[in-house]
Amino acid sequence: MDYDLILIRYGELALKSDKVRRRFEKKLVKNIQASIEGEVRRDQGRIYVEPENFDDAISRLDKIFGIVSYSPVKKTKTSKEDISNTLHKYTQNLIDEGFLNENMTFAIRCRRVGNHEFTSQEMAAYCGGVVIKTIPLKVNLTDPDFEIFIEVRDNITYIYHERIDGPGGLPLGTQGKVVVLLSGGIDSPVAAYLMMKRGCEIIALHCDNTPYTENKAREKFNALVDQLQTYASGVPIKKRVIPYGDYLKACKDKGPERMTCVLCKSGMYKTAEMLAKNMGAQAIVDGSSVGQVASQTLKNILATRSGVDMPILSPLIGMDKIETTRIAEKIGTFEISKEADGGCKAVPRYPETNTDVERLEEAIIAVSQEEELRKAFENIQIEE
């Protein structure tokens, strides 16, 4: 099918106030323009893209947040003669390409925007007659085998048969910045993706635990961010790496051995808070899920977040591993995350699962957490 353009729909934006909706629409248009070569415009609750390459554009629209659905369309003037001629050719192309045959039922779905001398029902009936003259199909308005959509918008009419689902959510960059604690595991990249879907700009922070982890962990971090970047049209992810091994060594040498993991997690939150304040972010994000590992029992979650004044968001908190893995597979991070990286050699044999705030604060003082984290933060690195 030789299409003229792509019609894009968005959902949640229509529920916003006029001022907010316009701002969100403009941002969505900019994000599309950053990803697709061609003309992009918006008008009356729709965005229209005339791409230089249709196949490439369609593959990219699948990864632009804020898009609910889209359709490749043919356009024509809003007159019965023009609509009839275009729809006849469109129907014949559907027959030639194997989408329609005489054993099928069909329905016309028509909607209008603007003032016209016909109703939506009248136009639907007229277009149904055009299709039947082209191929003798039976009409079934309740459960048809095939649907053709006629969208009349003032002086232009759009014809299409596909409504392709987009990723939904809010346009990236409309909800402020967050710092995501991004490891090489399955969970944190999914957490980052879900926050991006809610419109948040991502600053990815990796704590390099060398010598307790291998170089592969850092390589995976970069590979995971690169994959997430495919969803970051218009608002690239910023990468930061902090040398965390000296602080982790202090935890092992000076703190209770069983509390190494909770001390490590506590330090990560405080490091993320420092970075967030430095870069104007409003929240911290991690991949925690209740009870999944030792540091994620409810008591440990409460204790490790003590002393952090910034919101810590955990979009996976109620998900199990199967649910998270499904999303990871869908977004292309799972194969990267499952690669062996040697794990963390600082994990104690019997990690603490029942930490209280008072005991953790005593351990924090023992390991000189504030001083160690400050030294680490002074050496934070920008990954390009």
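Q: Why is Glu273 called buried?
A: In this predicted model, Glu273 has a relative accessible area of 7%. Buried means under 20%, so Glu273 counts as buried.

Q: What makes the contact between Lys277 and Glu273 a salt bridge?
A: The closest N and O atoms of Lys277 and Glu273 are 3.7 Å apart. The limit for a side-chain nitrogen of Lys or Arg and a carboxyl oxygen of Asp or Glu is within 4 Å, so the pair of Lys277 and Glu273 qualifies. Lys277 and Glu273 both lie in helix H8, four residues apart, which is about one turn of the helix.

Q: Is Lys277 buried or exposed, and how do you know?
A: The relative accessible area of Lys277 is 55%. Exposed means over 50%, so Lys277 is classed as exposed.

Q: How do you know that Lys265 and Asp286 form a salt bridge?
A: Their side chains meet at 3.6 Å, N to O. Because the cut-off is within 4 Å, this pair counts as a salt bridge.

Q: Which parts of the chain does the pair of Lys265 and Asp286 link?
A: Lys265 is in helix H8, and Asp286 is in the loop between strand E13 (283-285) and helix H9 (298-304). The two residues are 21 residues apart, and the pair links distant parts of the chain.

Q: Why are Lys265 and Asp286 called buried?
A: Lys265 has a relative accessible area of 13%, and Asp286 is at 2%. Buried means under 20%, so the label applies to Lys265 and to Asp286.

Q: What makes Lys74 and Asp4 a salt bridge?
A: The closest N and O atoms of Lys74 and Asp4 are 3.5 Å apart. That distance falls within 4 Å, so the pair meets the rule. Lys74 lies in strand E4 (residues 69-77) and Asp4 in the segment before strand E1 (5-9), so the salt bridge ties together parts that are 70 residues apart in sequence.

Q: Why is Asp4 called partly exposed?
A: Asp4 has a relative accessible area of 27%. Buried means under 20% and exposed means over 50%, with partly exposed in between, so Asp4 is partly exposed.

Q: How many salt bridges does the rule give?
A: The count comes to 23 salt bridges. Arg21, Glu25 and Arg42 are linked in a network of salt bridges.

Q: What makes Tyr70 buried?
A: Tyr70, found in strand E4, has 0% relative accessibility. Buried means under 20%, so Tyr70 counts as buried. Tyr70 and Arg163 are 93 residues apart in sequence and 5.7 Å apart in space, C-alpha to C-alpha.

Q: Which residues touch the most other members of the largest nonpolar core?
A: They are Val179, Tyr244, Leu263 and Ile284, in a core of 35 residues. Among the elements that each supply at least two residues of this core are strand E10 (177-181), strand E11 (201-208) and helix H7 (245-254). The largest share, nine residues, comes from H8.

Q: Which residues form the positive surface patch?
A: The patch is formed by Lys19, Arg22, Arg23, Lys26 and Lys30. Arg23 lies in helix H1 (residues 18-35). Patch members need over 30% relative accessible area, and Arg23 is at 46%, so this member clears that cut-off.

Q: What makes Ile132 fit the accessibility cut-off for a patch?
A: Ile132 has a relative accessible area of 36%. The cut-off is over 30%, so Ile132 passes. Ile132 is found in helix H4 (residues 120-134) and forms a nonpolar surface patch with Val139 and Leu141, with about 260 Å² of accessible area together.

Q: What is notable in the phi values of Asp154 and Ser368?
A: Phi is near 60° for Asp154 and near 55° for Ser368. Each is a positive value in a residue other than glycine. Asp154 is found in the loop between strand E7 (146-153) and strand E8 (156-160), and Ser368 lies in the loop between H12 and H13.

Q: Why are Asp154 and Ser368 called partly exposed?
A: Asp154 has a relative accessible area of 30%, and Ser368 has 25%. Partly exposed lies in between under 20% and over 50%, so the label holds for Asp154 and for Ser368.

Q: What kind of peptide bond joins Thr210 and Pro211?
A: The bond is cis, with omega about 15°. Pro211 is found in the loop between E11 and helix H6 (215-229).

Notes. Residues numbered from 1 in each chain as written. Predicted model: local features only at pLDDT ≥ 70, side-chain atom pairs only at ≥ 80, totals over all residues. Heavy atoms only, no water. Patch = residues over 30% accessible without salt bridge, like charges linked within 9 Å, V, L, I, M, F, W, Y side chains within 5 Å. Areas by Shrake-Rupley, 256 points an atom, 1.4 Å probe, with all protein chains shown as cover. Lys, Arg positive; Asp, Glu negative; His and termini not counted. Charge placed at Lys NZ, Arg CZ, Asp CG, Glu CD. Buried < 20%, exposed > 50% of the residue type's maximum accessible area, 1.4 Å probe, protein only. Core = buried A, V, L, I, M, F, W, Y, C linked by side-chain atoms within 4.5 Å.
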